[in-house]
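Subject: Structure handover

Hello,

Please find the structure below, followed by notes on what was found in it. The notes are meant for someone who has not looked at it before.

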Amino acid sequence: MKALLRVLLMTMGTVVCAQEFAPLPMELDPLTLDAVPYEPVVEVEEEAGDNEDFADEVSEVLDVPRDQTRVAVLGYHNFSKKAPVSQMLLRTSEFREQMEYLRRAGITVISMKEFLEWRLGTRTLPARCALITLDDGWKSVYTDAFPILKEYGYPFTLFLYTKYLSGRGDSLTPAQVKEMQAHGATVGSHSVSHLYPSSWKKTEKQGPEAYAALIDAELGESQKKLSEMFGPVNTYCFPGGYVTPGMIERISGYGYAAAFTVLPGKVTVSEDPLQIHRYMIFGNDGSVFRRAVDFRASQLGTSVATGASPGTLAPDIPVPPFPVSPQPQETVAPDFPSITAYMNGVSGLDITTVQMKVSGFGVVPAKVDEATRTVQWVLPCRIYMPNISAHVTWKDNNGKARKAEWSFNVDPNAPIQTENPIP
Ligand SMILES: [Zn+2]
């Protein structure tokens with residue numbers, strides 16, 4: 001129910017400054033990765049077993065040395081064939097398209113066991129892998145996603161919170177979980193009660209003992225209870241991505257080998273095992289999936305070659321030739337404070353000509369500091385659009401028009417931040 005409440009809160013948050021948003025005009029088709037006009041799907045017939053049509057069967061993919069593997073961890077929530085899509089709710093047919101994309105692109109879908117063995121050093125994997133995770137335990141995981149996962153033979157991980165396992169409302173039943181375990185599901189913990197950051201903070205204020213007790217209850221007890229119900233549980237997923245040093249300090253004591261966040265990025269063998277990156281796949285924004293399955297060096301933050309990429313990927317937008325905040329492809333909380341371009345290093349810049357444009361807002365009244373050549377727009381309200389693009393235009397001393405653009409993501413589940421993230 002917490003997750004449902006969160007969706008409602010998100011919707012309310014959007015309404016607060018709804019007049020400032022233009023509807024998202026485009027949606028990216030993850031199969032072609034071309035921009036196509038967005039048409040809401042009314043109903044989609046699910047046809048099983050029609051994959052023989054594809055002539056591009058991928059031959060067996062070979063393993064590479066451990067430090068050359070990159071894993072895209074995909075995070076899903078809720079699914080529906082008909083209900084309006086949202087960040088948390090993905091059209092079932094789009095989920096199928098994404099699973100098909102993984103197959104056609106030759107991305108190896110691995111189990112949590114394989115992931116952990118690779119991390120520990122007892123197994124090698126192909127260069128490009130995906131780990132499928134599904135949070136909260138929505139009934140639609142069983143009714144909508146599971147048949148598709150089974151059809152493709154993809155293993156997956158269910159991050160469950162123990163208070164949402166009754167079968168009441170939209171929750172899964174333990175029997176459904178067990179059935180999925182028999183067909184490739186691994187169970188991980190998503191706490192006991194899926195607390196909001198405000199609850200954590202309230203308890204933290206009561207002192208270290210109370211805080212430790214709550215961490216024991218949420219992170220420790222959920223591990224015990226889920227292990228009793230479903231067999232050994234050794235992975236954790238921070239609800240809403242909210243993670244604190246206090247949690248990290250205690251988490252290994254509960255028997256967790258790995259813990260997952262909601263911050264996107266490819267996972268390497270050397271990444272911190274207790275704050276593993278994940279791409280949260282939004283139902284109303286195909287661009288996250290597109291980035292998740294893009295294994296080119298520019299999307300990895302590394303120059304390590306990782307094998308061939310699917311040939312259909314669109315070219316990257318070049319990053320701005322000056323520092324910006326939020327950074328390109330960074331994921332921020334809905335209340336990030338400002339969009340800033342630090343243009344001091346731009347040669348021949350006529351600072352009086354600078355203009356900033358932000359998707360959904362048009363030209364914004366950005367403040368230009370002529371001394372530091374900083375251009376900044378302070379946000380008027382929280383933003384829940386999943387993806388925002390910012391454009392900065394200017395003229396150089398010869399009167400030639402210049403432009404830089406970048407985009408970044410807003411994660412509705414991210415802990416609300418009060419500090420300005422500008423470096
Ligand atoms: Zn959750």
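**What was found**

Of the 423 residues in the chain, 39% are buried (20 or more other C-beta atoms within 10 Å of the residue's own; 12 or fewer counts as exposed, in between as partly exposed; C-beta atoms are placed from the backbone). This is a predicted model, in which local features need pLDDT of at least 70 and side-chain atom pairs count only at pLDDT 80 or more, while totals for chains, interfaces and linings use all residues. Residues are numbered from 1 along each chain as its sequence is written.

The chain has 9 helices and 23 strands (DSSP runs numbered from the N terminus: helices are H or I with at least four residues, strands are E with at least two). Among contacts with a separation of 6 or more, 69% join residues 24 or more positions apart; a contact here means C-beta atoms, placed from the backbone, within 7 Å.

**β10 and β11**

Strand β11 covers residues 185-189, and 5 of its 5 residues are buried, so the strand is largely enclosed by the rest of the structure. A185, V187 and S189 lie on one side and T186 and G188 on the other, and both faces are covered. Strand β10 (residues 156-160) pairs with β11 in the parallel sense over 5 bridges; strands count as paired if DSSP finds at least two bridges between them. F159 has G188 in β11 as its bridge partner. From β10 the chain passes through helix α5 (residues 174-181) to β11, a right-handed β-α-β crossover (with the strands pointing away from the viewer, the path from the first strand over the helix to the second runs clockwise).

**Two open sheets**

One open sheet has 5 strands in the order β16-β23-β22-β18-β19, with mixed pairing. Its edges are β16 (331-332) and β19 (362-364); each has a single partner strand, so one side of each lacks a neighbour in the sheet. Within this sheet, β18 (residues 349-358) and β22 (residues 387-396) run antiparallel over 6 bridges, and L349 is partnered by D396 in β22.

Another open sheet has 4 strands in the order β15-β17-β21-β20, with antiparallel pairing. Here β15 (324-325) and β20 (367-369) are at the edges, and each is left with one side without a neighbour in the sheet because it has a single partner strand. β15 and β17 (residues 338-342) are antiparallel and joined by 2 bridges, with S325 opposite T340 in β17.

Regards

Definitions and conventions
Contact = placed C-beta atoms within 7 Å.
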